[in-house]
Amino acid sequence: MKRFQFYCFFVLISSIWVLLSPFASAQTATDPVIAGDEPDPKMAWFTDARLGIFIHWGIYAVDGIDESWSFFNKYLSYEDYMDQLDGFTASNYDPEAWAVLIKESGAQYAVLTTKHHDGVALWDTKLSDLNVVDATPAKRDLVAPFVKALRNKGLKAGLYFSHLDWSHPDYDVFRSNEYRYKDDPERWARFKTFHMGQLRELSSQFKPDLWWFDGDWEHSAEEWNAEGIRDSLLTWQPETILNSRLNGFGDYATPEQGLPLNPSDGPWELCMTMNDSWGYQDHDLNYKTPYQVIHTFADVLNGGGNLLLDIGPKADGTIPDEQVAILKELGRWTSKHAEAIYGTKRGIPFGHFYGPTTVSADNRILYLFLPNGSKGQIVVKGLKNKVDRIRIVGNGTKLDSQILGKQYWSDVPGILYIDVPESESDPIMTVVALQLNGEVDLFR
Ligand code: GLC
């Protein structure tokens with residue numbers, strides 16, 4: 001009798017778990033963000049988008065050195081760094097072609113560096129001469145035509161903006177351990193007026209769908225007036241989305257380079273370089289292969305996040321061939337597997353399948369992402385549903401399967417073996433769809 005009671009208790013607990021599962025798992029936030037109990041409707045396009053392209057474009061591409069950090073860390077003088085202004089021509093800049101390539105990659109949005117920590121503005125700011133119109137041979141606003149081209153292609157436009165400005169005469173920090181001043185409220189207030197003024201310019205001219213802030217670490221939320229910045233941006237444009245680098249007053253978390261194994265429950269986005277640099281550096285050929293990029297992307301999808309994959313155009317505006325090749329291969333793969341990517345949800349907990357998974361919006365299709373070279377039989381454990389059809393995503397091939405080990409007297413599901421013929425393998429990563437007879441139901 002005792003055993004029966006224990007059994008009933010166990011069944012009750014596991015049913016509660018299954019109800020909360022498959023999307024629940026122990027999660028910790030990677031970055032502080034403002035998070036309500038309910039998903040914010042303005043975030044819907046973002047959480048469905050899954051892929052964005054980050055663009056680090058600035059004068060640092062001229063000599064191919066680290067953006068801003070190279071003078072901050074005194075690897076070269078400030079003057080030598082700024083000499084790059086003279087080489088920033090943007091002579092082959094083709095914003096429409098950029099937008100076409102971004103669209104082709106399968107990305108749904110792009111984020112362009114309007115101003116990095118070096119303070120050089122890529123738009124025609126009226127609040128400082130340090131901009132590409134006044135200070136470089138490019139002699140024109142580079143943000144406006146890109147935002148227009150993105151929108152013409154149905155893509156969302158995000159603006160990267162660094163709060164700190166190591167060039168501005170009223171900003172306190174100049175270089176590592178070098179300050180222009182300390183504790184001068186008047187100068188700080190002047191800087192904040194400038195800072196807010198530039199945000200206002202960008203907001204009114206471009207109505208960004210997303211603000212990608214950076215550089216909040218040199219001052220506290222109070223010093224930046226982070227809450228006030230959030231309020232102003234949302235007053236000017238209520239639907240805009242803010243990343244987390246606003247001292248905790250953003251809408252989504254932004255892990256960088258390293259894939260979070262326990263990603264936050266709320267919206268998040270992994271930003272990642274293709275090689276080891278954000279901007280263009282001619283000698284940096286340490287590119288990830290398309291397989292490595294797509295593998296990380298599948299892990300991001302599994303965790304319910306977005307990937308913001310970075311490119312670094314050259315000073316003349318051409319996108320390096322290596323980067324174009326990765327975007328094109330990504331595009332082939334994302335268009336073939338679109339149904340398993342866009343609008344899907346976080347995958348099932350690890351243990352049921354050796355690889356990343358996603359679940360369709362209605363919870364009735366389970367997508368399995370097969371690691372490189374997977375062929376022969378793949379295995380799914382603990383799936384209580386009846387599977388109506390198993391097929392290869394992108395070409396519809398029906399797959400044979402077998403359930404082994406099912407005992408009629410036990411609730412434990414049998415083990416599902418699926419045959420994936422080598423001839424059907426995608427050269428990068430095959431995706432298999434399991435159409436279920438109801439919503440995903442797992443035995444834990
Ligand atoms: C880091 C880098 C910065 C880069 C950013 C992109 O903060 O310091 O240069 O722009 O990452 O996420």
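**Salt bridges and a buried threonine**

R245 forms a salt bridge with E256, and their closest N and O atoms sit 2.8 Å apart. Both partners come from the loop between β7 (241-242) and β8 (269-272), so the pair ties together parts that are eleven residues apart in sequence. The two ends fare differently as far as solvent goes: R245 is buried, with a relative accessible area of 12%, whereas E256 is partly exposed at 39%. All of this is read from a predicted model.

That pair has company, since the structure holds 17 salt bridges. As a general matter, side chains of opposite charge can pair when their charged atoms come close. Another of these pairings links E178 to K74, with the closest N and O atoms 3.0 Å apart. Here the sequence gap is 104 residues, because E178 lies in strand β5 (residues 178-179) while K74 sits in the loop between α4 (69-72) and α5 (78-82). Neither end is tucked away under the 20% cut-off for burial: E178 is partly exposed, with a relative accessible area of 26%, and K74 is partly exposed too, at 41%.

D170 and R190 make a further salt bridge, again with 3.0 Å between the closest N and O atoms. This one runs from a loop to a helix: D170 is found between β3 (156-162) and β4 (173-175), and R190 belongs to helix α9 (residues 185-206), so parts 20 residues apart in sequence are tied together. On the acidic side, D170 is buried, its relative accessible area being 10%. On the basic side, R190 is partly exposed, with a value of 44%.

Not every salt bridge stands alone. Through shared partners, E329, R332, K336 and D426 are joined into one network.

Away from the charged pairs, T125 is worth a look. This residue lies in the loop between β2 (109-115) and α7 (132-135), and T125 is buried, with a relative accessible area of just 2%. What does the side chain of T125 reach at 3.1 Å? The backbone nitrogen of L127 is the atom in question. The T125 side chain also makes a polar contact with the side chain of E201, at 2.7 Å. Setting aside neighbours within four places in sequence, T125 is in contact with N131, Q198 and E201. E201 therefore turns up both as a polar partner of T125 and in that list of contacts, while T125 itself remains buried.

Notes. Residues numbered from 1 in each chain as written. Predicted model: local features only at pLDDT ≥ 70, side-chain atom pairs only at ≥ 80, totals over all residues. Heavy atoms only, no water. Salt bridge = Lys/Arg side-chain N within 4 Å of Asp/Glu carboxyl O. Helix = DSSP H or I, 4+ residues; strand = E, 2+ residues; numbered from the N terminus. Buried < 20%, exposed > 50% of the residue type's maximum accessible area, 1.4 Å probe, protein only. Polar contact = N/O pair within 3.5 Å; in protein donor to acceptor, adjacent residues only side chain to side chain. Contact = heavy atoms within 4.5 Å.
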